[in-house]
Protein chains: 2
Amino acid sequence: MRETILEIENASHILKLLGDKTRLTIIAILSKRECCVCELLEVFDMSQPSVSQHLRKLKDAGLIKEERRGQWIYYSLNSQSESYDLIQDILQHIPDQTENIRKIEEIKPTLRCDC
Amino acid sequence: MRETILEIENASHILKLLGDKTRLTIIAILSKRECCVCELLEVFDMSQPSVSQHLRKLKDAGLIKEERRGQWIYYSLNSQSESYDLIQDILQHIPDQTENIRKIEEIKPTLRCDC
DNA sequence: TAATTATATAATCATATACTTATATAAAAC
DNA sequence: GTTTTATATAAGTATATGATTATATAATTA
């Protein structure tokens, strides 16, 4: 597959969302691993509401989905999105996120529980 | 090839530039055909300075190049850009621009010379 | 049920963005 | 050399964006 054609307005909207360093990194991380907000907070030097607002924009566009599990809300890439193919193609061109994922897994904020 | 990895800041900057309907359309058109400003003006419902300013941003980022030929300055995609592969991958997901190119070629502003 | 934890939302604000009109520059035509 | 044509640049402006702090909500724990 990997060939879904999007309307130009739709495509530019997706690209604008990915045109922010924080959101692009979030998408890259979520493409490898579902995360809750407090896990993503380990990666970014910004407030919790900022991260939540970025996630909201990505969710509003259908790029990610959320699933509550207890007190945590886990975010993951929405593979059903019509933009999924475009995103996969873009992700091929950015650095892998193993270092950021290491940060998350090293600290395990969902066990520590004081984010 | 088609696998150039860009720094995350660099990639997000390129995506932000393409995250505008006008600029994304310009890039799609230029990927098929070099154009001068007065040709692109046939496609967009906006002022000449607006189109020029979009072209300037794309040029500043190295995505396009310009070549003066007489009174016209022709813009084209810069295949030497390190973002070229990313752009090609993105262009696969947006509609082809034959209708817009038809508009340009039908009116031939460089012959009419009153843009 | 009260306190804690995780997350979302609201309000605010400074900066960025995308347009406009006015003007400058540079080549072509007269 | 003056006028026209093509394009760029400058200045101004309204709106969008991305952050912050403060507060609300919802689940968990004590």
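Helices are counted here as DSSP runs of H or I with at least four residues, and strands as runs of E with at least two, numbered from the N terminus. On that basis, the predicted model of chain A contains seven helices and three strands. Read from the N terminus, the elements follow the order α-α-β-α-α-β-β-α-α-α.

The strands make a good starting point for a tour of the fold. They assemble into an open, antiparallel sheet with the order β1-β3-β2 in chain A. In chain A, β1 (35–36) and β2 (64–69) occupy the edges; each has a single partner strand, so one side of each is left without a neighbour in the sheet. Strands of a sheet pair through backbone hydrogen bonds, in either a parallel or an antiparallel manner. Here, β2(A) joins β3 of chain A (residues 72–77) through six bridges in the antiparallel sense. Within this pairing, Glu67(A) sits opposite Tyr74(A) of β3(A).

The sheet also has a helical companion. Helix α2 of chain A, spanning residues 21–30, lies across β1, β2 and β3 of the chain, and runs at about 90° to β3(A).

Turning to the chain as a whole, the C-alpha trace of chain A spans about 45 × 25 × 25 Å along its principal axes. The radius of gyration of chain A is 14 Å, which agrees with the value near 13 Å for a compact globule with 115 residues. Among contacts in chain A with a separation of 6 or more, 64% link residues 24 or more positions apart. Of the 115 residues, 47% count as buried. The exposed surface of chain A comes to about 6000 Å², with carbon and sulfur atoms supplying 45% of it.

How values were computed. Residues are numbered from 1 along each chain as its sequence is written. Chains are lettered from A and ligands numbered from 1 in the order in which they are written. This is a predicted model: local features need pLDDT of at least 70, side-chain atom pairs count only at pLDDT 80 or more; totals for chains, interfaces and linings use all residues. Side-chain values use heavy atoms; hydrogens and water are left out. Two strands pair if DSSP finds at least two bridges between them. Contact means heavy atoms within 4.5 Å. Axes are lines fitted to C-alpha atoms, for helices over the stretch in contact, and angles run from 0 to 180 degrees between N-to-C directions. The radius of gyration is taken over C-alpha atoms; the globule rule is 2.2 Å times the number of residues to the power 0.38. Buried means under 20% relative accessible area, exposed over 50%, partly exposed in between (1.4 Å probe, protein chains only). Accessible areas come from the Shrake-Rupley method with a 1.4 Å probe; for residues, only the protein chains shown count as cover.
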